[in-house]
Amino acid sequence: MGTVAGIQEKFAADKFEFSRHAVDRAILRGIRVQEIREAIRTAELLEDYPDDKYGPSCLLLGFTQTGRPVHIQCSYPARPVVKVITIYEPDPAEWDGFRVRKR
């Protein structure tokens, strides 16, 4: 099973948690848990961080039912529970089509 499919499976089974940072960011940015769930269902892998200092993680792009783009950095699904590290709406000034970082 691929990384994205594994993360989607964990979310569907309610096997996920939020870091304190992710909770703070979601509140500040007005991103609800339901929107995160919606974005995970449509997620695609943007960037992979296998050597992240806190453990392997990746950056996903997903869209809410209203079409809002959401970036979600989370741990690999190999853990019993997927940890959401941070979440934000990508800035079009920094991302091309929400998928590629502008240099």
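The following exercises, each with a worked solution, concern a predicted model.

**Exercise 1. Identify the residues with the most contacts inside the largest nonpolar core, and the elements that give two or more residues to this core.**

Solution. Begin with the core itself: the largest nonpolar core has 20 residues. Inside this core, the residues with the most contacts are I7, F11, L60 and I72. Next, turn to the elements. Three helices give two or more residues each, namely helix 1 (3–12), helix 2 (20–29) and helix 3 (33–41). Strand 3 (57–63), strand 4 (69–75) and strand 5 (82–88) do so as well. Finally, another core, of five residues, lies apart from the largest one, and its members include L46, L59, L61 and Y88.

**Exercise 2. Determine which residues I7 contacts, leaving aside neighbours within four places in sequence.**

Solution. With those neighbours set aside, the partners of I7 are I40, C58, L60, C74, S75, P77 and V82. One of these partners, L60, is listed with I7 among the core residues that have the most contacts.

**Exercise 3. Describe how helix 1 and helix 3 are arranged, and which residues meet between them.**

Solution. Consider the axes of the two helices: these come within 9 Å and cross at roughly 145°. The crossing of helix 1 with helix 3 is left-handed. At the contact, helix 1 supplies I7, Q8 and F11, while helix 3 supplies I36, R37, I40 and R41. Sorted by character, the residues of this contact comprise four nonpolar, one polar and two charged.

**Exercise 4. Decide whether E35 is buried or exposed, and describe its surroundings.**

Solution. First, locate E35, which belongs to helix 3. Its relative accessibility is 8%, and because buried means under 20%, E35 counts as buried. Then examine the contacts: beyond neighbours within four places in sequence, E35 is in contact with G30, T64 and R68. A polar atom of the E35 side chain lies 2.9 Å from the backbone nitrogen of R32. Lastly, compare sequence with space: E35 and V70 are 35 residues apart in sequence, and their C-alpha atoms are 8.5 Å apart.

**Exercise 5. Decide whether S57 is buried or exposed, and name the side chain with which its own side chain makes a polar contact.**

Solution. S57 lies in strand 3. Its relative accessible area is 0%, so S57 is buried. The polar contact of its side chain is with the side chain of Q73, at 3.0 Å. Residues up to four places away in sequence not being counted, S57 touches D48, Y49, P50, D52, Q73, C74, S75, Y76 and I85. Q73 thus appears both in this list and in the polar contact.

Note on methods. Residues are numbered from 1 along each chain as its sequence is written. This is a predicted model: local features need pLDDT of at least 70, side-chain atom pairs count only at pLDDT 80 or more; totals for chains, interfaces and linings use all residues. Side-chain values use heavy atoms; hydrogens and water are left out. A nonpolar core is a set of buried Ala, Val, Leu, Ile, Met, Phe, Trp, Tyr and Cys residues joined through side-chain atoms within 4.5 Å. Buried means under 20% relative accessible area, exposed over 50%, partly exposed in between (1.4 Å probe, protein chains only). Helices (H or I, at least four residues) and strands (E, at least two) are DSSP runs, numbered from the N terminus. Contact means heavy atoms within 4.5 Å. Axes are lines fitted to C-alpha atoms, for helices over the stretch in contact, and angles run from 0 to 180 degrees between N-to-C directions. A crossing is left-handed if the near helix is turned anticlockwise from the far one by less than a right angle, and right-handed if clockwise. Ala, Val, Leu, Ile, Met, Phe, Trp, Tyr, Cys and Pro count as nonpolar, Asp, Glu, Lys and Arg as charged, and the others, Gly among them, as polar. A polar contact is a pair of N or O atoms within 3.5 Å; within protein, one must be able to donate a hydrogen and the other to accept it, and residues adjacent in sequence count only if both atoms are side-chain atoms.
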